[in-house]
Structures are given as structure tokens and as C-alpha cells.
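Visitor: Hi, I've got a protein open on my screen and I'd like to chat through it. Can you help me look around?

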Amino acid sequence: MNRMFLEKTQLKILTTSDEINIIYPKDMTETRIDYINGLETKWNYKDNDDKPSEFTIEINNLTKTTANKIALKNNVILNAGYGSDLGEVASGFVIKKEYNDNVLKLTCSEIDVKYNKVISSAYEPMTTASTIIDDIAKQIDFYVKQLELKNDVVYKIGESIHGHALAEIQDIVKDCGSKINIKNNMIYIYYKDLADTSKIVIDYTSGLLEEPKSSNVPEIKIEAKKEEKPKTETKKSTKKSTKKTTKKATTKKEAKKVEIKEDYEVKCLLIHYLKKGDVFHLKSQEVDGDMRILSMSIDNFIMTLKVKVINEKGK
């Protein structure tokens, strides 16, 4: 059977008055009368490095009465998959709402607006980095689900924090030689890639669509840089006025290597179990090894993964 007949989306929106549930495509076995069954629903997901990840939803032929119930900051849960195998792809809060011609468009952020909250805190001498991370997270209602620091730095003279909460945590994690991943309001901190016996295998039998594209392609970026020349003074002659003007700055081109974070770009069918930071095994005609997901986007049930090699056979 063609995969498009198996694709399924379930959307749950928690409003102040009730819960709106939408299923697409129409499920003939669904008997709950409070479910909106069969309205065309489109969505995509984009993982962002510098700010919270976002997903957009478009619902066609939704009545104005129902659309009016949905407001900014409402919680949204997006489940998707194939047939009966559904799972959470994203959840977050409505940050933008548009309704025109019976079409509702929602933009949602995976992280609550509290992530950008500015905090000010002072910590006593000999306070550890892990203590500060835990405290900052609690101030913005985030949960530290994994805290494995390579070096739990001790601030011998104390530490003062003033700034955006998550940015402060990211700086501390960096000081400790560790990495951070944020999923919804959960914080995962680690410093080594652990072996995972339950890794998902992505190959041509499980959804891989094409050969992974290598990002390790030699590239030189040419940047133009102005080089200032010493100014020449203006001289005047008694016989004839002559004027020497300042020479224009010359432009010097410099070659600069492009920094590449990921090793491969992988395209595959939606696997709702996979999240940013997860490890999976990639097997294609040319690549065979364990990969960690650095970033991901989903469009029309197609996942694009930027991955880093943990170990690769033959390398």
C-alpha cells in the first residue's frame, strides 16, 4: 500500500474552555462525537539552533466558532505516524494565530515563553555549576532530566548571574566542557556519546529515501576585507594649487575555511520516536554507523536530519 494512505495526524489543542481534538484523514473507526474527524490538516516542524524549535499547523474548513476558542499561549500537542503507530512529534504553545477563509494557521513554539525570562541570582563561594544549573531551571519551570557534566566547575569566589535563563545555562554547560539539548521544557546535559542498545536502524527497508549527503566537502569561503592605507596630507603650492586626496582603502580577499558541524544530511520517512540528540544506526550503500541527531526538520512526513558520526565502519 502506498505510504500516503497510511499517514495520520492527531492534533490536540487545550483551550481555556475545552479540548479540541482533530483527526486527519478521516478515521471510520472513530466513535467519539467530540472529535473533529477528517478536516484536512497540514503541518511542518523546524528545529532551530539559536532559539526554540517551532512547528506550524494549517487546518482547512474549521468553523469560526471553533477557531475563536483557540488563543495565544494555548497548549498544542501534535501526534503523527502511520496507521495505528502514532506518537508525539511536537508539543508547545501557540505564538501566532491567523484565520482567513475558514483556514486556521497556527505557529507554535516548543518552549514556553518563560525560556526568555531574564533572571538575576547570586551564588555563594564554592557553589558548583550543577547547583546553579538546577536553580536556574527551577526559576523558569524547566526540568533537568539528565545532568552529566564532564567537569562540575566550582566557583570559588561565588558567581553572579544576570541574563536570559537558558542562555546562562548554555554558557555554564560550555564552561564545564559538556553539551546540552532542550526538548520542550526538559534539559538534557551530557559530555559523551554513550552506547545505546535500543538504537533505531534507518535503512532502505525502514524509511531511508536516498543516500546520505556528506557535509565534509572541502570548501573555501572568500571574504573581502578592507585594508586601510595611511592618509596623505593635502599640499598647496604658491604658484598653482594642487591637491592630493586620500587614497581609497584597498580591498584584500582572505580565504577562510568553513566550519562544518554535521557530517551527513539524511532524508527519511517520519519516525516519531526520533528527537534532537537521539542516537540511531544509519545503514545505506555507502554509510554504515551510529549517528547523533544535531538538528531536524519535518515537512509532509519527510524528515531531514543533520547528524554527527559517533562511529562509522571502515573509518
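Visitor: Cool. Which side chain meets Lys 69 in a salt bridge?
Guide: That's Asp 18, with 3.3 Å from N to O. Keep in mind that this is a predicted model.

Visitor: Where do those two sit in the chain?
Guide: Lys 69 is in helix H1, residues 64-69. Asp 18 is in the loop between strand S1 (7-14) and strand S2 (19-24). They're 51 residues apart, so the pair links distant parts of the chain.

Visitor: And are Lys 69 and Asp 18 buried or exposed?
Guide: In between, really. Lys 69 is partly exposed at 35% relative accessibility, and Asp 18 is partly exposed at 31%.

Visitor: What about Thr 66, where is that?
Guide: Thr 66 lies in helix H1. It counts as buried because its relative accessibility is 15%, and the cut-off for buried is under 20%.

Visitor: What is Thr 66 in contact with, leaving aside its neighbours within four places in sequence?
Guide: Thr 66 is in contact with Ile 20 and Ile 36.

Visitor: Back to salt bridges. How many are there?
Guide: The count comes to nine. One of them joins the side chains of Lys 12 and Glu 19, at 3.9 Å from N to O. Lys 12 is partly exposed, with a relative accessible area of 29%, and Glu 19 is partly exposed too, with 36%.

Visitor: Which side chain does Asp 263 meet in a salt bridge?
Guide: Asp 263 meets Lys 308, at 3.9 Å from N to O. This pair also links distant parts of the chain, 45 residues apart. Asp 263 is in the loop between strand S19 (250-257) and strand S20 (264-269), while Lys 308 is in strand S23, residues 302-312.

Visitor: Is Asp 263 buried or exposed, and what about Lys 308?
Guide: Asp 263 counts as buried, at 11% relative accessibility. Lys 308 counts as partly exposed, at 34%.

Visitor: New topic: strand S21. How many of its residues are buried?
Guide: Four of the five residues in S21 (residues 279-283) are buried, so the strand is largely enclosed by the rest of the structure.

Visitor: Which strands does S21 pair with, and in what sense?
Guide: Strand S16 (residues 200-202) runs parallel to S21, joined by three bridges. Here Ile 200 stands opposite Phe 280. Strand S22 (residues 288-299) pairs with S21 in the antiparallel sense, over five bridges. In that pairing Leu 282 stands opposite Gly 289.

Visitor: How many residues are between S21 and S22?
Guide: Four, and the two strands form a hairpin.

Visitor: Okay, cysteines. How many disulfides are there?
Guide: Zero, after a search of the whole structure. A disulfide is a covalent bond between the sulfur atoms of two cysteines.

Visitor: Are Cys 108 and Cys 268 buried or exposed?
Guide: Cys 108 counts as buried, at 0% relative accessibility. Cys 268 is buried as well, with 0%.

Visitor: Last thing: what pLDDT does the protein average?
Guide: It averages 83, and 79% of the residues score at least 70.

Visitor: And where does pLDDT stay under 50?
Guide: Over residues 233-259. The model has 41 contacts beyond four places in sequence for that stretch.

Terms used:
Residues numbered from 1 in each chain as written. Predicted model: local features only at pLDDT ≥ 70, side-chain atom pairs only at ≥ 80, totals over all residues. Heavy atoms only, no water. Disulfide = S-S within 2.5 Å. Buried < 20%, exposed > 50% of the residue type's maximum accessible area, 1.4 Å probe, protein only. Pairing = 2+ DSSP bridges. pLDDT = per-residue confidence, 0-100. Contact = heavy atoms within 4.5 Å. Salt bridge = Lys/Arg side-chain N within 4 Å of Asp/Glu carboxyl O.
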